[in-house]
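User: Hi! I'm new to this and would like to learn how the terms get applied. Can we go through one structure together?

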Amino acid sequence: MASADAATVRGVTSGAVGLADLPPSPAVWCSGLRKRYGRRTAVDDVSFTVGRGEVVGLLGPNGAGKTSVIKMLLGLVRPDAGEVLLLGRPSSDPRSRSAVGYLPELFRYQPWLTASEVLDLHVKLAGADVPRVERRQCLALVGLAERSGDRVGGFSKGMQQRLGLAVALVARPELVVLDEPTSALDPLGRVDVRDIVLSLKSRGVAVLLNSHLIGEVERVCDRVVILDQGRVAASGTLAELLGQREVRLRLAGADQRAEARLRTAGAMSRSGDWFTVQLASDDDGVTVPDLVRDLVGFGVRVHAVEPVRISLEERLLAVLRHEEPSHEEPDKPGVEP
Amino acid sequence: MIALTVAALTLREAFRRRVVWALLVLTLVLLVLSGWGFSKLIGLDTDLGTMTSGEARLIASVLLNLIMFGFSLIAAIGTAFLAGPTLSGEVESGQALAILARPVRRSSVLLGKWLGLLTFGCGYVALAGLAQLLVVRWAVGYWPPEPATGLLLLAAETVVLLTLALLLSSVVSPMASGIIAVGLFGATWVAGVVGGIGGALGNEGVERVGSVSRVVLPTDGLWRGAMNAFQDPFALAQMGQGEAGFPFLSDAPLTAAYLAWAAIWIAVVWGLTALSFQRRDV
């Protein structure tokens with residue numbers, strides 16, 4: 001099945017005239033990735049897709065296999081099984097990385113080169129034609145304009161990470177892979193990274209973001225893939241993952257009829273005067289007003305109605321602690337024949 | 001194209017890390033000292049009387065080989081310790097991640113590293129060796145019979161060692177690869193000397209030690225070819241058969257078959273390195 005899908009995507013990207021109008025292949029498509037280090041299984045049957053222009057967050061605890069997955073996508077680590085297509089090309093083909101920018105978790109650049117020389121090197125390696133002005137702008141974007149002529153060896157960790165960000169962005173990428181991009185940055189730097197990711201998104205550049213900072217992921221990502229013990233524990237859009245909204249109501253005089261009405265809106269729990277109702281993810285926005293109208297009709301006094309939104313952090317913890325059923329999205333290439 | 005970019009980067013590293021300047025100073029000191037020493041050879045008072053210019057040239061021929069060995073040692077150690085950290089060091093530090101995530105083939109990156117190190121090592125051997133030949137010519141008027149062949153063989157010896165260091169660098173830690181490469185270089189030279197002594201004593205078993213080591217690692221064989229190209233053709237005859245095991249004289253030029261084997265050795269080891277680097281997780 002995976003091979004057939006891969007063949008389909010390859011077929012679409014082969015440039016046949018009749019297929020020119022079809023949407024481009026996904027920025028990342030991987031299926032059934034597996035990797036073992038000795039006896040330890042680091043990655044086990046991981047599949048997901050990053051669409052063009054989409055920002056996808058990769059979340060999970062330490063040792064979940066996030067960096068291994070990223071390295072397999074980029075051809076840095078050989079998967080034991082599975083397939084990867086980057087921008088429509090198999091990852092075994094170096095050209096698949098022509099328009100890919102990467103900031104590694106372990107960022108280290110030639111200490112004997114200056115910041116601008118590091119960018120020059122990566123522009124050459126990428127085979128890109130990027131004018132000098134644009135390279136300078138790239139350094140300015142990450143706050144290194146004043147240090148462009150300084151040797152990297154004298155940079156702090158935060159500055160090296162900023163340089164890594166510039167390296168990832170300099171060759172006009174269509175896909176940017178950021179592995180813990182803010183691990184060495186101060187709060188100001190984190191905001192800069194968030195702005196850069198949002199700017200990439202607005203320009204239609206796909207981003208795969210691995211970060212421990214859940215708030216960061218929640219703010220910028222369209223979709224999230226949660227890895228746990230090398231497997232995809234949950235994945236989906238933020239709306240899908242966080243869609244289990246709740247509403248809390250403080251009611252007086254609620255009888256069995258009122259409780260039955262509450263249950264029709266969703267799973268209900270009670271604590272004294274407080275009633276909590278879980279709303280469906282596809283709620284069209286009329287459930288709560290209709291509920292309140294009916295309760296008032298039953299003679300119930302409604303003292304308070306509070307929407308409760310589950311944060312990504314709560315959802316992540318729930319998934320990792322197996323407190324609720326995970327729901328994986330069916331992975332398939334984003335291009336249909 | 002990628003290979004040339006990486007080769008230029010490797011050379012730039014050698015310059016920026018001041019490896020080149022350190023070698024330049026070391027070489028200048030060696031050249032000045034050897035010039036001074038050689039100039040003292042003529043008219044030297046020995047127990048056997050004052051040395052004639054002919055005897056001085058003979059001694060100069062032997063001493064030249066000794067000093068050339070010094071240069072080849074410097075070049076070998078220099079390239080081995082540059083080549084050692086180049087693959088495994090960059091993988092360990094994380095420098096390789098950003099580079100290998102670019103649209104590059106690992107074999108191109110390896111070729112670039114190899115070409116850069118080759119240029120550095122061979123350039124050093126050629127320039128320092130030529131300077132030494134000129135110093136000897138100035139001091140005692142001795143000019144070797146085949147200076148270009150000698151320098152080329154010294155350069156080839158450097159290429160063999162740096163190729164070995166690259167292979168080791170793709171499988172073991174940076175420090176270990178440098179140490180093992182230099183250790184093997186030294187061991188092969190010693191085995192060559194032992195083999196020479198065996199030959200002089202007519203002991204075939206001992207002589208075979210040198211022959212086998214020269215096949216396993218061609219550094220010593222190439223070095224002996226270089227010595228033969230540098231030494232006075234009459235030196236060996238004058239030293240007498242009993243001195244045939246002398247480590248700074250070579251009794252025969254290299255055969256075409258041995259040179260072909262050295263080229264095959266380099267190609268095979270390079271291929272193994274490419275294979276090992278290709279399969280390595282970074």
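User: What does Glu246(A) touch, not counting residues up to four places away in sequence?

Analyst: Glu246(A) touches Thr276(A), Val277(A), Gln278(A), Leu279(A) and Val308(A). Touching, or being in contact, is about C-beta atoms, placed from the backbone, that lie within 7 Å of each other. Before we go on: this is a predicted model, where local features need pLDDT of at least 70 and side-chain atom pairs count only at pLDDT 80 or more, while totals for chains, interfaces and linings use all residues. Residues are numbered from 1 along each chain as its sequence is written, and chains are lettered from A and ligands numbered from 1 in the order in which they are written.

User: Why is Glu246(A) called partly exposed?

Analyst: Count the neighbours: Glu246(A) has 16 other C-beta atoms within 10 Å. Buried takes 20 or more other C-beta atoms within 10 Å, exposed takes 12 or fewer, and partly exposed is in between, with C-beta atoms placed from the backbone. Glu246(A) has 16, so it lands in the middle class.

User: Where is Glu246(A) found?

Analyst: In strand 11 of chain A. Strands are DSSP runs of E, at least two residues, and helices are runs of H or I, at least four, numbered from the N terminus.

User: What makes strand 11 and strand 14 of chain A a pair?

Analyst: Pairing needs at least two bridges found by DSSP. Strand 11 (residues 246–252) and strand 14 of chain A have 7 bridges, in the antiparallel sense, so they count as paired. Within this pairing, Leu249(A) stands opposite Val305(A) of strand 14.

User: Which strands form the open sheet in chain A, and in what order?

Analyst: The order is 12-13-11-14, with antiparallel pairing. Strand 12 (268–271) and strand 14 (301–308) of chain A are the edge strands, as each pairs on one side only.

User: Over to chain B. How do you know that helix 9 of chain B is mostly covered?

Analyst: By the same neighbour count: 12 of the 12 residues of helix 9 of chain B are buried. Among them are Trp223(B), Met227(B) and Phe230(B).

User: And what is the span of helix 9 of chain B set against?

Analyst: An expected span, which is 1.5 Å times one less than the number of residues. Helix 9 (residues 219–230) of chain B has 12 residues and reaches 16 Å from its first C-alpha to its last, close to the 16 Å expected.

User: How many residues does each chain bring to the contact between chain A and chain B?

Analyst: Chain A brings 24 residues and chain B brings 21.

Key
Two residues are in contact if their C-beta atoms, placed from the backbone, lie within 7 Å.
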